[in-house]
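Open your viewer and get ready to click along. At each stop you will get something to select, followed by a short description of what is there.

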Amino acid sequence: MRRRKAEIRQLTPDVKYNSELVARLINIILTKGKKSKAQGIVYTAMDIIAKKEKGREPLEIFMQALDNVKPLIELKSRRVGGANYQIPVELDRTRQVGIGLRWIVTFARGRKGKPMAEALAAELFDAYNNTGAAVKKRDETHKMAQANKAFAHYRW
């Protein structure tokens with residue numbers, strides 16, 4: 001490794017749910033420095049989830065959705081002897097969560113014709129029910145990693 005490891009900054013939990021994961025979701029949705037707008041989107045999405053699923057806590061549904069989306073393995077490209085190989089690499093917990101949150105937000109943004117809060121709520125609900133684009137992306141990633149397991153010995 002050429003450079004020193006970046007220090008991990010402690011994230012302050014969000015105001016409403018007192019959760020660091022919700023704060024990370026807000027930061028991923030954040031664009032152009034408009035944090036209050038991002039918070040509004042996330043909290044509105046959580047309210048929509050709370051209305052749909054009356055018996056359960058929206059934070060609980062969010063956590064389950066994230067667990068259903070986060071990948072265990074990712075593929076990294078390595079150049080070996082003139083050929084590029086997709087090498088499966090296991091992920092640590094923080095990277096799993098980061099990728100999962102990013103996928104959820106990306107596919108929520110891809111749902112056109114709805115306000116972002118509704119799209120985010122719908123994507124979280126789909127992830128909670130093990131359907132939707134983010135879960136499909138996770139399954140595709142795992143399939144590709146399984147297919148390229150033969151190149152795992154190039155990992156370093």
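This tour goes through helix contacts, salt bridges and a few single residues. Keep in mind that you are looking at a predicted model.

**Stop 1: H1 against H4**

Select helix H1, residues 20–29, and then add helix H4, residues 93–110. How far apart are the axes of H1 and H4? They are 10 Å apart, and the two helices pack at an angle of about 50°. An angle of about 50° is neither under 35 degrees nor within 65 to 115, so H1 and H4 are oblique to each other. Their crossing is right-handed.

Now show the side chains where the two helices meet. On the H1 side, select Leu21, Arg24, Leu25, Ile28 and Ile29. On the H4 side, select Thr94, Val97, Gly98, Leu101, Arg102, Val105 and Arg109. If you colour this H1–H4 contact by class, you should find 7 nonpolar, 2 polar and 3 charged residues.

**Stop 2: H4 against H5**

Keep H4 on screen and add helix H5, residues 116–128. The axes of H4 and H5 come within 8 Å and cross at roughly 125°. That angle makes H4 oblique to H5. What is the handedness of the crossing of H4 and H5? It is right-handed.

For the contact itself, pick Ile104, Val105, Phe107, Ala108 and Arg109 from H4. From H5, pick Met116, Ala119, Leu120, Glu123 and Leu124. By class, this H4–H5 contact holds 8 nonpolar and 2 charged residues, with no polar ones. You have met Val105 and Arg109 already: they take part in the contact with H1 and in the contact with H5.

**Stop 3: Arg111 and Glu123**

Leave Glu123 selected and add Arg111. These two form a salt bridge, and the closest N and O atoms are 3.0 Å apart. The pair links distant parts of the chain: Arg111 sits in the loop between H4 and H5, Glu123 belongs to helix H5, and they are 12 residues apart.

Is Glu123 buried or exposed? With 1% relative accessibility, Glu123 counts as buried. Its partner Arg111 is partly exposed, at a relative accessible area of 24%. Add Asp126 to the selection as well, and you will see a network of salt bridges that links Arg111, Glu123 and Asp126.

**Stop 4: more salt bridges**

How many salt bridges are there? The count comes to 7, and here are two for you to look at.

Select Lys16 and Asp47 to see a salt bridge with its closest N and O atoms 3.2 Å apart. This pair also links distant parts of the chain, with Lys16 in the segment before H1 and Asp47 in helix H2 (residues 35–52), 31 residues apart. Lys16 is partly exposed, with a relative accessible area of 44%, and Asp47 counts as partly exposed at 34%.

Next, select Glu60 and Arg56. In this salt bridge the closest N and O atoms are 2.5 Å apart. Glu60, at 39% relative accessibility, counts as partly exposed, and so does Arg56, at 30%.

**Stop 5: Lys32 and its backbone**

Move to the loop between H1 and H2 and select Lys32. Lys32 is not a glycine, yet its phi is positive, at about 55°. A relative accessible area of 81% means that Lys32 is exposed.

**Stop 6: Asn130**

Which loop holds Asn130? Look in the loop between H5 and H6. Phi of Asn130 is also positive, near 60°, in a residue other than glycine. At 44% relative accessibility, Asn130 counts as partly exposed.

**Stop 7: Arg138**

From Asn130, go on to Arg138 in helix H6, residues 133–147. The cut-off for buried is under 20%, so Arg138, with a relative accessible area of 15%, is buried.

To finish, show the surroundings of Arg138. Leaving aside residues up to four places away in sequence, Arg138 touches Asp67, Asn68, Val69, Lys70 and Pro71, together with Trp103 and Asn130. That brings you back to Asn130 from the previous stop, now as one of the residues touched by Arg138.

Key:
Residues are numbered from 1 along each chain as its sequence is written. This is a predicted model: local features need pLDDT of at least 70, side-chain atom pairs count only at pLDDT 80 or more; totals for chains, interfaces and linings use all residues. Side-chain values use heavy atoms; hydrogens and water are left out. Axes are lines fitted to C-alpha atoms, for helices over the stretch in contact, and angles run from 0 to 180 degrees between N-to-C directions. Helices (H or I, at least four residues) and strands (E, at least two) are DSSP runs, numbered from the N terminus. Angles under 35 degrees count as roughly parallel, over 145 as roughly antiparallel, 65 to 115 as roughly perpendicular and the rest as oblique. A crossing is left-handed if the near helix is turned anticlockwise from the far one by less than a right angle, and right-handed if clockwise. Contact means heavy atoms within 4.5 Å. Ala, Val, Leu, Ile, Met, Phe, Trp, Tyr, Cys and Pro count as nonpolar, Asp, Glu, Lys and Arg as charged, and the others, Gly among them, as polar. Buried means under 20% relative accessible area, exposed over 50%, partly exposed in between (1.4 Å probe, protein chains only). A salt bridge is a side-chain nitrogen of Lys or Arg within 4 Å of a carboxyl oxygen of Asp or Glu.
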